Number of protein chains: 2
Amino acid sequence: MNISPLCPTPMLQHETIQMAHGAGGRLSQALMQRVFMPHFHNAILDLLDDQAKLNLPSGRIAFTTDSYVVSPIVFPGGTIGELAVNGTVNDLAVGGAKPLYLSAGFVLEEGLPLVELETIVQSMAEAARRAGVLVVTGDTKVVGKGQCDRLFINTSGIGVLRDGVNLSCRNLNVGDAIILSGTVGDHGMAIMTSREGLSFESQITSDCAALNGMIGALLDAVPTVHAMRDPTRGGVAATLNELATASGVGIAINETAIPVKPAVRGACELLGIDPLHVANEGKVVVVVAAADVATVLDLMRSCDDGRDAAIIGSVVDDHAGMVVMRTAFGSRRIIDLPLGEQLPRIC
Amino acid sequence: MNISPLCPTPMLQHETIQMAHGAGGRLSQALMQRVFMPHFHNAILDLLDDQAKLNLPSGRIAFTTDSYVVSPIVFPGGTIGELAVNGTVNDLAVGGAKPLYLSAGFVLEEGLPLVELETIVQSMAEAARRAGVLVVTGDTKVVGKGQCDRLFINTSGIGVLRDGVNLSCRNLNVGDAIILSGTVGDHGMAIMTSREGLSFESQITSDCAALNGMIGALLDAVPTVHAMRDPTRGGVAATLNELATASGVGIAINETAIPVKPAVRGACELLGIDPLHVANEGKVVVVVAAADVATVLDLMRSCDDGRDAAIIGSVVDDHAGMVVMRTAFGSRRIIDLPLGEQLPRIC
């Protein structure tokens, strides 16, 4: 039989996202080849199957998911793409897992400039390389103009759990120390000030970072760490409340011990926001027995991501389920979960 | 020290989604407790850690992700929640994996009635139970009114790959039979007609279904199946083109052999759409050696999800990389990948 060869593929040189980029046809393939594959390609993803096939080392695994809707999509210190990698890597790391593989699901708004998408994808791929994880499977949907805000990203992640480590928010014991890896509020206030066009004596930059390097070194050295959590939405206040509630213990913290950058403190005061309620994207709260404190603190401070690590409080035999702070003025106040929404679309 | 107990939690009896439901504070917890946990709860999810810890049987795993943005979110034959479960389950199953665990990431629009969210979540949980998978980790973000369209869902999935099965779109050999598990176009045309308010002699209903039961039985009986794919976006046309391209072979199909429901055919003619380009959500294309055809067809037809299974064509030693259809009139035409977008937001 004789059939003339197909016409060459049309140039497909659109400069903005079209509905057809999400339709599973020729334009979807063009988007893959032009934007996604050059940055993400690896031996598993390159097969372009509907599912990645993975050889995992034996053992238990950790599995997590997060959707990212931060606005703006590029902000001082990061992009929604870096956030989508680092946030999911950190959720695996604080569970005691070595992060290995990510999925990436994009929802794109019709009309989004391709050059903006490419900026995000490139920064996302670089973040994955820095964190030592591979994006092995993905998906792209397009919705009409006004049906989402530029782009949303979901990443899910798989990691292998370390043997001999048992981290749980139910593990806190009276006498444990509460260690925070660095300054609070940087991410949330970087977003807020860039969104509101505020400027301070020094620019506020997001702390967006993958912590699996530091956390891995820490768990190798001190596998007896009791609990770890990354204080993202709801800030350190939400994290400490969750730990206190889950373990049925009280937590006492000292305001003067909590590292806050002057510009962040200034912005929080101006906007009437408690820095303990502000999201962080490169910080971890570590709970350890008193005997391990010196080792943990030395190790964290030797890492870039933990150089400002500080003991901010301890687990106490009082006010079970509650977090109480001794203020700079010597009074005490309850640090509650935030009720409302002070900082929308921060992550 | 003496601190009076916290005021009881406010009733939090909002009837619509508030920005604060996504803020990681008290309202986020309330949403979890009121809507998500009653439907999804299981021993792993109930721990409410930032990551699920899973014991997998040894062996290779499959990992996949999809975001779902279908509009309307409830349609004849399903909901966005059922689609999010079944679509991801099917992506694992067609890779030869036994689906085990799902993640669920929700992006919700401010103002979405909670009763609508609950309908979706309930149908999603029922779909997971029918498919025999557990939702083990999740995430909820809220964006402002007009920043997404009601709700989007991402599901990622993990399954364990069967030993001794090697499915790949690069496995097609000349002489293989192309089997389709049932009628084409039901899902896409159910969405289109419900969206446009069209009615036909009989209502068109989505074929949305989890196929892991039928596919598992098939692979147990015939582990030598060469390739499987679910013809979702881009329809059977896109699937066959991907198979032909990946294997570097030609595919010949017969129009008269392709099962199409009369109402779907009528709707496609009215709207000027080729049913081969329309998304299916409960169908699978199976490629097998000629020797296995009878066994495969018998087995598929004995299952509810495959009762209309038919041989629609074969792999041929001609027009490599192309799909050619013998039409009902005896002529031949090339079945190409769809270029544009006929059916936006179908899945």
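# Exercises on a two-chain contact

Leu271(B) is partly exposed, because its relative accessible area is 33% (buried means under 20%, exposed over 50%, partly exposed in between, with a 1.4 Å probe and protein chains only). This is a predicted model in which local features need pLDDT of at least 70 and side-chain atom pairs count only at pLDDT 80 or more, while totals for chains, interfaces and linings use all residues. Residues are numbered from 1 along each chain as its sequence is written, chains are lettered from A and ligands numbered from 1 in the order in which they are written, and side-chain values use heavy atoms, with hydrogens and water left out.

## Exercise 1: A patch on the surface

Find the element that holds Leu271(B), then name the nonpolar patch that includes Leu271(B).

**Solution.**
1. Look for Leu271(B) in helix α7 of chain B, residues 262-271. Helices (H or I, at least four residues) and strands (E, at least two) are DSSP runs, numbered from the N terminus.
2. Now add Leu198(B) and Leu270(B): together with Leu271(B) they make a nonpolar surface patch with about 240 Å² of accessible area. Such areas come from the Shrake-Rupley method with a 1.4 Å probe, and for residues only the protein chains shown count as cover.
3. Patch members have over 30% relative accessible area and no salt bridge; like charges are joined within 9 Å, and nonpolar side chains (Val, Leu, Ile, Met, Phe, Trp, Tyr) within 5 Å.

## Exercise 2: Where the chains meet

How many residues does each chain bring to the contact, and which strand of chain B gives the most to its side?

**Solution.**
1. Chain A brings 86 residues and chain B brings 86 residues (contact means heavy atoms within 4.5 Å).
2. About 6,900 Å² is buried between the chains, and carbon and sulfur atoms give 57% of it. Buried area is the accessible area (1.4 Å probe) that two parts lose on being put together, summed over both.
3. Between chain B and chain A there are 40 residue pairs in polar contact, both residues at pLDDT 80 or more. A polar contact is a pair of N or O atoms within 3.5 Å; within protein, one must be able to donate a hydrogen and the other to accept it, and residues adjacent in sequence count only if both atoms are side-chain atoms.
4. Several elements of chain B each supply at least two residues to the side that touches chain A, among them α1 (26-40), β5 (97-109) and α6 (235-247). Strand β6(B) gives the most, with eight residues.

## Exercise 3: Salt bridges between the chains

Find the distance of the salt bridge between Lys141(A) and Asp66(B), and say what this pair joins.

**Solution.**
1. The side chains of Lys141(A) and Asp66(B) meet at 3.4 Å, N to O. A salt bridge is a side-chain nitrogen of Lys or Arg within 4 Å of a carboxyl oxygen of Asp or Glu.
2. Lys141(A) lies in strand β6 of chain A and Asp66(B) in strand β2 of chain B, so the pair joins two chains. Both Lys141(A) and Asp66(B) are buried.
3. For the wider picture, there are 10 salt bridges between chain B and chain A, and the structure holds 32 over all chains.
4. A network of salt bridges links Asp66(A), Arg233(A), Asp139(B) and Lys141(B).

## Exercise 4: Follow one arginine

Which side chains meet Arg229(B) in salt bridges?

**Solution.**
1. One is Asp50(A), at 3.7 Å, N to O.
2. Another is Glu242(B), at 2.7 Å, N to O. This pair links distant parts of the chain, since Arg229(B) is in strand β9 and Glu242(B) in helix α6 of chain B, 13 residues apart.
3. Arg229(B) counts as buried because its relative accessibility is 7%, whereas Glu242(B) is partly exposed because its value is 24%.

## Exercise 5: Unusual backbone spots

Is the peptide bond from Ser71(A) to Pro72(A) cis or trans? What is phi of His319(B)?

**Solution.**
1. The bond from Ser71(A) to Pro72(A) is cis, with omega near 5 degrees. Pro72(A) is in the loop between β2 and β3 of chain A.
2. In chain B, a cis peptide bond joins Ser71(B) and Pro72(B), with omega about 5 degrees.
3. His319(B) has phi near 30 degrees, a positive value in a residue other than glycine. Its place is the loop between β12 and β13 of chain B, and His319(B) counts as buried because its relative accessibility is 13%.
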